[in-house]
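Trainee: Hi, have you got a few minutes to go through a new model with me? I'd like to ask questions as we look.

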Protein chains: 2
Amino acid sequence: MEEVKTFESICNLLRNRSYKLTPQRQTILQTFLEHVDRHLSAEEVYMLVKHQNPEIGLATVYRTLDILAEIGILLKNDFGDGRSRYEFSRKDEHHHHHHLICLGCGNVSEFDDDLLESLEAVIIKRNQFKIMDHDLKFYGYCSQCGEGH
Amino acid sequence: MEEVKTFESICNLLRNRSYKLTPQRQTILQTFLEHVDRHLSAEEVYMLVKHQNPEIGLATVYRTLDILAEIGILLKNDFGDGRSRYEFSRKDEHHHHHHLICLGCGNVSEFDDDLLESLEAVIIKRNQFKIMDHDLKFYGYCSQCGEGH
DNA sequence: ATGATAATGACAATCCTTTGCAAGTGATTT
DNA sequence: AAATCACTTGCAAAGGATTGTCATTATCAT
C-alpha cells in the first residue's frame with residue numbers, strides 16, 4: 001500500500017508483479033505523472049507518447065494501460081464518448097470520486113462525496129445485492145459552457 | 001405528456017413527430033412492450049424481432065432504437081458490456097432510476113432513490129456546474145450469484 | 001554475458017455501430 | 001383509387017475502438 005505514488009515506487013510495483021520495465025512503459029507512466037489531473041484516452045496517450053518515442057505502437061499503449069489499470073495505478077473510465085479514458089489514481093481510495101462531465105467542452109472534473117455510502121447500505125438490505133463498485137456521473141455544463149443552457 | 005404509454009399512444013406520438021408508422025417500427029415497439037422490464041441490446045432486439053418478421057435488417061433495428069430513444073419512449077443505457085442497452089421508459093420520470101448490475105450473470109435490476117437530488121444541489125453550488133442528467137450504477141453480485149463473493 | 005521468457009510493433013481481425021445507396025413503402029393529395 | 005414524394009428499408013461496405021497474431025527484439029535473473 002503505497003501512500004505517495006512516485007515514479008520509482010510504481011516501477012517497483014511493476015517489478016514486484018513481474019512486469020518488465022520497458023522504456024515504453026516508463027514513457028507512458030511519465031505521461032500520466034505529467035498529466036495527473038487529466039482523463040486521457042488511449043489515442044491521446046499515444047499522441048503524447050510519440051513525442052518522446054515515435055517508434056511506439058498503439059497496441060503497446062493499450063496493453064500498458066491495461067496493466068497499469070490492473071495494478072491500480074490508473075483508473076479506467078467510460079464517459080460515454082465511445083472510448084475508454086484513464087486517469088491517474090492518486091491515493092488508494094476504495095471508494096473513488098465521481099465525475100462531472102461537461103456536455104459543452106467535454107472536460108471532466110471531479111467531485112468527492114460520501115453520500116453513496118449510506119445509499120449502499122440501503123441497497124444491500126433492500127435488494128440483497130452485494131455491491132463491489134459504483135459509478136456516478138453527472139452530465140451538464142461547466143461554468144465556461146454554461147451560458148445559454 | 002402521456003401518462004400511460006399504450007401501443008396506440010406511442011404510434012400517435014410517432015405520427016405527430018412525422019415519423020412513418022412502418023411494420024418494422026411497430027414490431028420493434030411491440031417487442032419492448034412485451035419485455036417492459038428488460039434491458040435489451042440492438043442484437044437482442046434483432047433476434048426477438050426476426051421471429052415476427054425475418055426480413056428485417058439490423059440497421060433498421062438500430063435506426064428505430066435511435067428514434068424511440070429520441071422521442072423518449074426508450075432509454076439508452078451503457079452498462080459497460082460494450083453495447084448499448086435500451087429499456088422501456090414507463091413513466092415520464094425526469095430523474096430516472098438507477099441500476100444494479102450483476103457482475104455474475106449480467107442481469108440488471110433497478111433502484112429508485114431521491115438521494116441524488118440533494119447531492120445535485122450541493123454540486124451546483126460548489127462546482128458551478130449546471131446538471132442536466134446523472135447516471136448512477138452499482139456493480140456487484142445479485143442474490144443468486146452472491147455465493148462465494 | 002546469456003538464455004528463457006516476456007514485450008514490442010506492424011498489421012490483420014474483431015466487435016458494435018453507422019452510413020451510402022438503390023429499391024420500396026406510407027401517408028397525403030388529386 | 002392512383003399518383004406523388006419524402007421517408008424507410010435492407011444490404012453491403014465503412015467506421016472507430018480494441019484485441020489478436022506473430023516474427024523480432026529486449027529485459028532480467030542467473
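Trainee: Let's start with the surface near DNA strand C: how many residues of each class does it have?

Mentor: That surface has 6 nonpolar, 6 polar and 7 charged residues. Here Ala, Val, Leu, Ile, Met, Phe, Trp, Tyr, Cys and Pro count as nonpolar, Asp, Glu, Lys and Arg as charged, and the others, Gly among them, as polar. A residue is near a strand if one of its heavy atoms lies within 4 Å of it.

Trainee: Before I go on, what should I keep in mind about the numbers?

Mentor: Residues are numbered from 1 along each chain as its sequence is written, while chains are lettered from A and ligands numbered from 1 in the order in which they are written. This is a predicted model, where local features need pLDDT of at least 70, side-chain atom pairs count only at pLDDT 80 or more, totals for chains, interfaces and linings use all residues, and side-chain values use heavy atoms, with hydrogens and water left out.

Trainee: Thanks! Which residues come nearest to DNA strand C?

Mentor: Of the 19 residues around that strand, the nearest are A:Q24, A:T60, A:R63, B:Y62 and B:S84. On the DNA side, 72% of the strand C atoms within 4 Å of the protein belong to sugar or phosphate, and the rest to bases.

Trainee: What touches the phosphate oxygens of DNA strand C, then?

Mentor: An N or O atom in the side chain of A:T22 is 2.8 Å from one, and a polar backbone atom of A:E55 is 3.4 Å from a phosphate oxygen. There is a base contact as well: an N or O atom in the side chain of B:K20 lies 3.4 Å from a base nitrogen of strand C. I'm calling these polar contacts, meaning a pair of N or O atoms within 3.5 Å; within protein, one must be able to donate a hydrogen and the other to accept it, and residues adjacent in sequence count only if both atoms are side-chain atoms.

Trainee: And which element gives the largest share of that surface?

Mentor: That's α4 of chain B, with 3 residues. Helices (H or I, at least four residues) and strands (E, at least two) are DSSP runs, numbered from the N terminus.

Trainee: What about DNA strand D, which residues come nearest there?

Mentor: A:Y62, B:T22, B:Q24, B:T60 and B:R63, out of 20 residues around strand D. By class, this surface has 7 nonpolar, 6 polar and 7 charged residues. Two backbones reach phosphate oxygens of strand D: a polar atom of A:S84 at 2.9 Å and an N or O atom of B:G57 at 3.0 Å. A polar side-chain atom of A:K20 lies 3.0 Å from a base oxygen of strand D.

Trainee: Switching topic: how can chain B be laid on chain A?

Mentor: By a turn of 180 degrees and a shift of 0.0 Å along the axis, with an RMSD of 0.1 Å. That is the relation of a two-fold axis. The chain B C-alpha nearest the axis belongs to B:L136, 2.2 Å from it. The superposition is by least squares on the C-alpha atoms of residues with pLDDT of at least 70 in both copies.

Trainee: Is B:K137 buried or exposed?

Mentor: B:K137 is buried, at 3% relative accessible area. Buried means under 20%, exposed over 50%, and partly exposed in between, with a 1.4 Å probe and protein chains only. This lysine sits in strand β6 (residues 130–141) of chain B, and a polar atom of its side chain is 2.8 Å from the backbone oxygen of B:D78. Beyond its neighbours within four places in sequence, B:K137 has contacts (heavy atoms within 4.5 Å) that include A:D133, A:K137 and B:H99.

Trainee: How many disulfides does the structure hold?

Mentor: It holds 0 over all chains, a disulfide being a pair of cysteine sulfur atoms within 2.5 Å. A:C102 is in none, and the nearest cysteine sulfur, that of A:C142, is 3.6 Å away. A:C102 is also buried, at 2% relative accessibility.

Trainee: Last one: what is phi of A:S18?

Mentor: Near 55 degrees, a positive value in a residue other than glycine. Most residues other than glycine have a negative phi. A:S18 lies in the loop between α1 (7–16) and α2 of chain A and counts as exposed at 63% relative accessibility.
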